[in-house]
Structures are given as structure tokens and as C-alpha cells.
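Welcome! Here is a short tour of how some helices pack together and what surrounds a ligand. Keep the picture at hand as you read.

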Amino acid sequence: MNRAESDKKSVIAIDGPAAAGKSTVAAKVAGMLGATYINTGNMYRAITLAATTRGTPLESPSEKDVEDILRNTSLEYTSSGGSDKILLNGEDVTRKIRAPEVAASVSRIAAIPAVRKWLVDRQRDIASRARLAVMEGRDIGTVVFPDAKWKFFLTASPEVRARRRLEQSGETIEGSTVASVAREIAERDRMDMSRKVSPLTKAADAILVDSSEMTIDQVLDRIVGAVKGDIVPNDLLKKQSRTL
Ligand code: CDP
């Protein structure tokens, strides 16, 4: 490994659009490699829930609204063995943040620069304390850790993504159809890709994984195979498995 390679962060970045299967895959990759799993989408969801709870106008929150939310919010993120837990002002909101109402507003809150800065600082801090971190999101390989050692961009066709989201209980409203969920997902992708700060885009050096016709195991083989076979220094992996 040359010097430039060894200077890179021990982070596996998994970015991609909504409902592409990032959470399932990232959690399993973390479990397989004994790495810390960090779901950054859950953090944006938690801030969105905080805004909803405070009655902030989600269509057009003012700078002051946002400052108030961040000043009055304590966010505690913990992760072990491939699953994470998020406490918002001391309350466990891990389930609540997956609600369709939160999903409907999260992209507007995530477009606010102050929110992103607040969360990205925390994300870097959590990752810097991990020996190896699997981080999933929209901007991990481009903005949060542009020097991540491994970068993947996980995607799937809109229809496949809508079907997968429908199968996740509690994440869509009663009476949802593949077509209605596909529309919601497409709208969120549009907002995430077109925002000014840290838009969703594939890092030039990320490996593209289109999972439309792949099973979870095939996706895992592809990612873990690339990480292990390609560049993970063996001694790092040995250390990881000792900590399991
Ligand atoms: O699970 P799903 O794919 O539906 O989305 P998520 O990963 O929970 O992310 C929810 C939303 O948070 C995204 O649609 C983005 O608006 C925002 N997000 C972001 O802006 N940057 C990240 N690194 C992660 C999520």
C-alpha cells in the first residue's frame, strides 16, 4: 500500500438514493467486518422529528427556527453489532423516525446548511472514534469522508425500490401502492439531487452497485469481496475480527 492509500480513512462509504437497500446492506457489512455501523439518514430523520414536535413550519423553516431546534436538541447515536439506536432529547426514537410523515419532510430539513453542518460534525466525530466504520447516506463519499478508503454507490430501479419500501412494515401509509410509493421516492430523490449543499451524487471513485436484479447476499459478496480482496490490509481485518 502506498502512502496516499494508507492516509485514507478507514471508512466504507455507502451512498445512494432512497430505498436502495443501503440500511440492510450497510448493517450486514458492518456485522461481517466487525465495524461500527453509522446510518446518517436516521440522524436527518431525528432532526426532522424534532422540528415536527416543536411545530416548526416544515415548508419554509426560518434560520431562527433552525437555530432553535439545534440549540434545544440533544442527539445521542449509538451503534453495536450492525444495529443502531437514536435518542432524541433522551427519548428512544429509533422506530418513530421511520414513519412516513418523517420521510415526507426529511429532504427539506436535510437541505438546510446549518442542519448539515451540525450533523456532519457529529458524524465525523463518531467515525473518528471507530477503528473501521460503515457509513451510509447521500454525501459520505463526496463530502463527509471524501478520503474514505472504500466507496460504493448503491442503487436500484425506481420500481424495485418502491416494492422494497412497501415491504418494510410501518414505512408507508395505509393504501399505498407501488406507483404511489415510487412517486414519493422520486420526489425525495429529486430534492436530494437538486439541493445546493451536498447533493446526492456518485463520487467519481465510488463503485456503482445496481442491486435491481441482485439478492442481498450477492450485494454483500460484491461489497465485502471488494473491501477484503482489494485493499483492506489483512492486519486491520484480523484486529476487527478479534473485537467481535
Ligand atoms: O432509508 P431511506 O433510503 O429512505 O432514507 P434515509 O437514508 O433514512 O435518509 C432520509 C433522508 O435524509 C434522505 O432522503 C436525505 O434527504 C437525507 N439524508 C441526507 O441528506 N444526507 C445523508 N447523508 C443521509 C440522509
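## Helix α3 against α6

In this predicted model, helix α3 packs with helix α6, which covers residues 113–128, at an angle of about 140°, and the two axes are 11 Å apart. Angles of 65 to 115 degrees count as roughly perpendicular and those over 145 as roughly antiparallel, so α3 is oblique to α6. Their crossing is right-handed.

Which residues make the contact? From α3 come Thr40, Met43, Tyr44 and Ile47, while α6 brings Val115, Arg116, Trp118, Leu119, Val120, Gln123 and Ile126. Sorted by class, the contact of α3 with α6 has eight nonpolar residues, two polar and one charged.

## Helix α3 against α5

Now look at another partner of α3. Helix α3 (residues 40–53) also packs with helix α5 (residues 100–110), this time at an angle of about 100° and with the axes 9 Å apart. That angle makes α3 roughly perpendicular to α5.

On the α3 side, the contact is made by Tyr44, Arg45, Ile47, Thr48, Leu49 and Ala51; on the α5 side, by Val102, Ala103, Ser105, Val106, Ile109 and Ala110. These residues divide into nine nonpolar, two polar and one charged.

## Helix α8 against α9

Further along the chain, helix α8 spans residues 158–167 and helix α9 spans residues 178–194; their axes come within 8 Å and cross at roughly 110°. The crossing angle makes α8 roughly perpendicular to α9. As α8 passes α9, the crossing is right-handed.

The α8 residues in this contact are Glu159, Arg161, Ala162, Arg163, Arg165 and Leu166, and they meet Val178, Val181, Ala182, Ile185, Arg188 and Asp189 of α9. What classes do the residues of the contact of α8 with α9 fall into? There are six nonpolar and six charged residues, and no polar ones.

## Around the ligand

Finally, find the ligand. Of the 19 residues around the ligand, the ones that come nearest are Arg45, Arg116, Asp139, Arg165 and Asp192. Some of these names may look familiar: Arg45 belongs to the α3 side of the contact with α5, Arg116 to the α6 side of the contact with α3, and Arg165 to the α8 side of the contact with α9.

Some distances can be followed atom by atom. In the side chain of Arg116, an N or O atom is 2.8 Å from an oxygen atom of the ligand. Arg188, part of the α9 contact with α8, has a polar side-chain atom 2.8 Å from an oxygen atom of the ligand. For Lys22, an N or O atom of the side chain is 3.4 Å from a ligand oxygen atom.

Notes:
Residues are numbered from 1 along each chain as its sequence is written. This is a predicted model: local features need pLDDT of at least 70, side-chain atom pairs count only at pLDDT 80 or more; totals for chains, interfaces and linings use all residues. Side-chain values use heavy atoms; hydrogens and water are left out. Axes are lines fitted to C-alpha atoms, for helices over the stretch in contact, and angles run from 0 to 180 degrees between N-to-C directions. Helices (H or I, at least four residues) and strands (E, at least two) are DSSP runs, numbered from the N terminus. Angles under 35 degrees count as roughly parallel, over 145 as roughly antiparallel, 65 to 115 as roughly perpendicular and the rest as oblique. A crossing is left-handed if the near helix is turned anticlockwise from the far one by less than a right angle, and right-handed if clockwise. Contact means heavy atoms within 4.5 Å. Ala, Val, Leu, Ile, Met, Phe, Trp, Tyr, Cys and Pro count as nonpolar, Asp, Glu, Lys and Arg as charged, and the others, Gly among them, as polar. A residue is near a molecule or strand if one of its heavy atoms lies within 4 Å of it. A polar contact is a pair of N or O atoms within 3.5 Å; within protein, one must be able to donate a hydrogen and the other to accept it, and residues adjacent in sequence count only if both atoms are side-chain atoms.
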